[in-house]
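Please load the model into your viewer, and keep the sequence panel open beside it. The stops below move from enclosed spaces to ring pairs and then to single side chains.

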Amino acid sequence: MKLSAKHLVSLLAPLLCLSSCYPPPPEYTSTPLVTERRQSLYEGLLLMLPEKERTTPAAMEEARWLADTAYKAAAAIARQYDSNFPGWAGNYLVNAHMQDRGLCWHYQHDMYRELVRRPLQFYSIGCCVRDKGTRREHNCVYVTPQHASWPLAWVLDAWPYNGRLQTFNAWELDPDQWADREEVTWVLSGFYLPGHKYPIEHWLQIAAARKWYHFSFLGLSSAYIDSRWPEAWFTPQHRTMLMNISKGKKEHPNSPVSYE
C-alpha cells in the first residue's frame, strides 16, 4: 500500500513530534512568552538606532511594527507550509517531494516578503547565510538600521522550530561562519518592492518538474520572464500557490495579507 505524505506524517508524528512540530496556532503570538519576546526584539531594534532617532514616535512605531510582524509572519508562514516537522525533519520531506516548502531559504524569502510590506524609514531588511556552500548552509533574514549595515543587525530565523521565531545579534556571531548575502537581498528587493501587495500565499520561487527552482511568473512583466520559467507554471507547487491565493482572497477579501 502506497502511503501519502499526510498518512506518513500521521503515523510518525506520535514518535517524532516535539512541542515545536506542529505549526504555531494564530493565538501563539499573543501568549505571554511570545509577547515578552516581541517586546525584547522591539527594544533591541530601537537600541541599534542613533540616540536622537530611537526616541522619536515614528522610529518607535516602525520598530514595533517590525517586531510584531516578524513573530506573526513567521508563525503564519509555517501554517502556510502546513509542515508538522521542524528544521531538518522538514527539509527531508521537501527533498523527498512530500512537501512543497519548508527549507531555510523558503523561510528566508517569505520572511523578507512580509517584512517589506511597508516602506521603512529607519530600518532595512537583508539576507544572511551561515556556512555558505556547505551541507550545513543556513539562510535567514536580518533587520539593520538604514544608517548602518551587516553585522549591526538582528537575525530573524523562523526555520528551526517551525515558525517559532528565533532572534539573535549578528555582531555576536562568528564572522568566519556568518556573512551578509547581498546577492539574495538584491534579487528579492527587485521582486518585492517596499509596500508591495503580494499576498502571504505568494511564492517567489517554485520547483519545476520536481528538479529545479524557477521564479514564479505571477505579477511579473514579460521582460523578467525567462524562457525556462514556464516549466514551473504547471507543477503541483504552482497550482497549490494559486489555490492558496484564491482561498486567502475568499477568507480575507479586503486585505492582501492576514496572519490569522
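Begin by selecting Tyr81, Ser83, Phe85, Pro86, Gly87, Gly90, Gln99, Arg101, Gly102, Tyr107, Trp159 and Asn162, which together line the largest cavity of this predicted model. The space they enclose comes to about 40 Å³, and the structure holds two cavities of 30 Å³ or more. If you colour this lining by class, you should find five nonpolar, six polar and one charged residues.

For the second largest cavity, with a volume of about 30 Å³, select Cys104, Tyr107, Gln108, Met111, Asn139, Cys140, Val141, Leu156, Asp157, Ala158 and Trp159. Which element gives the most to this lining? It is α6, with four residues, and when the selection is set against the secondary structure, α6 (104-115), β2 (138-145) and β3 (154-157) each turn out to supply at least two residues. Coloured by class, the lining of the second largest cavity shows eight nonpolar, two polar and one charged residues. Tyr107 and Trp159 deserve a label at this stage, since they appear in the lining of the largest cavity and again in that of the second largest.

Turn next to the aromatic rings, for which the count comes to seven pairs. One of them joins tryptophan 88 and tryptophan 159 in an edge-to-face arrangement, with 5.3 Å from centre to centre and 90 degrees between the planes. Tryptophan 88 lies in helix α5 (residues 87-95), whereas tryptophan 159 lies in the loop between β3 and β4 (166-169), so the pair ties together parts that are 71 residues apart in sequence. Displaying the surface separates the two partners: tryptophan 88 counts as exposed at 53% relative accessibility, while tryptophan 159, at 8%, counts as buried.

A further pair to select is tyrosine 142 with tryptophan 150, whose ring centres are 5.0 Å apart and whose planes stand at 50 degrees, so that the pair is tilted. Here tyrosine 142 is buried, with a relative accessible area of 6%, and tryptophan 150 is also buried, at 17%, because the cut-off for that class is under 20%.

Now select arginine 164 together with tyrosine 22 and tyrosine 28, and look at where the charged end of the arginine is placed. That charged end sits over the ring of tyrosine 22, 4.8 Å from its centre, and it also sits over the ring of tyrosine 28, where the distance to the centre is 5.6 Å.

Return then to the second largest cavity and pick out asparagine 139, one of its lining residues, which is found in strand β2. Is asparagine 139 buried or exposed? It is buried, with a relative accessible area of 5%. Showing side-chain contacts around asparagine 139 reveals a polar contact of 2.6 Å with the side chain of arginine 181, and another of 3.4 Å with the side chain of glutamate 137.

The last stop is tyrosine 213, in strand β7 (residues 212-215), which counts as partly exposed at 27% relative accessibility. Add alanine 232 to the selection and draw a distance between the two C-alpha atoms: they are separated by 7.9 Å, although tyrosine 213 and alanine 232 are 19 residues apart along the chain.

Key
Residues are numbered from 1 along each chain as its sequence is written. This is a predicted model: local features need pLDDT of at least 70, side-chain atom pairs count only at pLDDT 80 or more; totals for chains, interfaces and linings use all residues. Side-chain values use heavy atoms; hydrogens and water are left out. On a 1 Å grid over the protein atoms alone, a cavity is a set of points where a 1.4 Å probe fits but cannot get out, and a pocket is an open set with protein on both sides within 12 Å along at least five of seven lines; lining residues have an atom within 4 Å of a point. Grid points are joined across faces, edges and corners, and a volume is the space filled by probe spheres set on the points. Ala, Val, Leu, Ile, Met, Phe, Trp, Tyr, Cys and Pro count as nonpolar, Asp, Glu, Lys and Arg as charged, and the others, Gly among them, as polar. Rings of Phe, Tyr and Trp (its six-membered ring) pair if their centres lie within 6.5 Å; planes under 30 degrees apart count as stacked, over 60 as edge-to-face and the rest as tilted. Buried means under 20% relative accessible area, exposed over 50%, partly exposed in between (1.4 Å probe, protein chains only). A charge sits over a ring if NZ of Lys or CZ of Arg is within 6 Å of the ring centre and within 35 degrees of the ring normal. A polar contact is a pair of N or O atoms within 3.5 Å; within protein, one must be able to donate a hydrogen and the other to accept it, and residues adjacent in sequence count only if both atoms are side-chain atoms.
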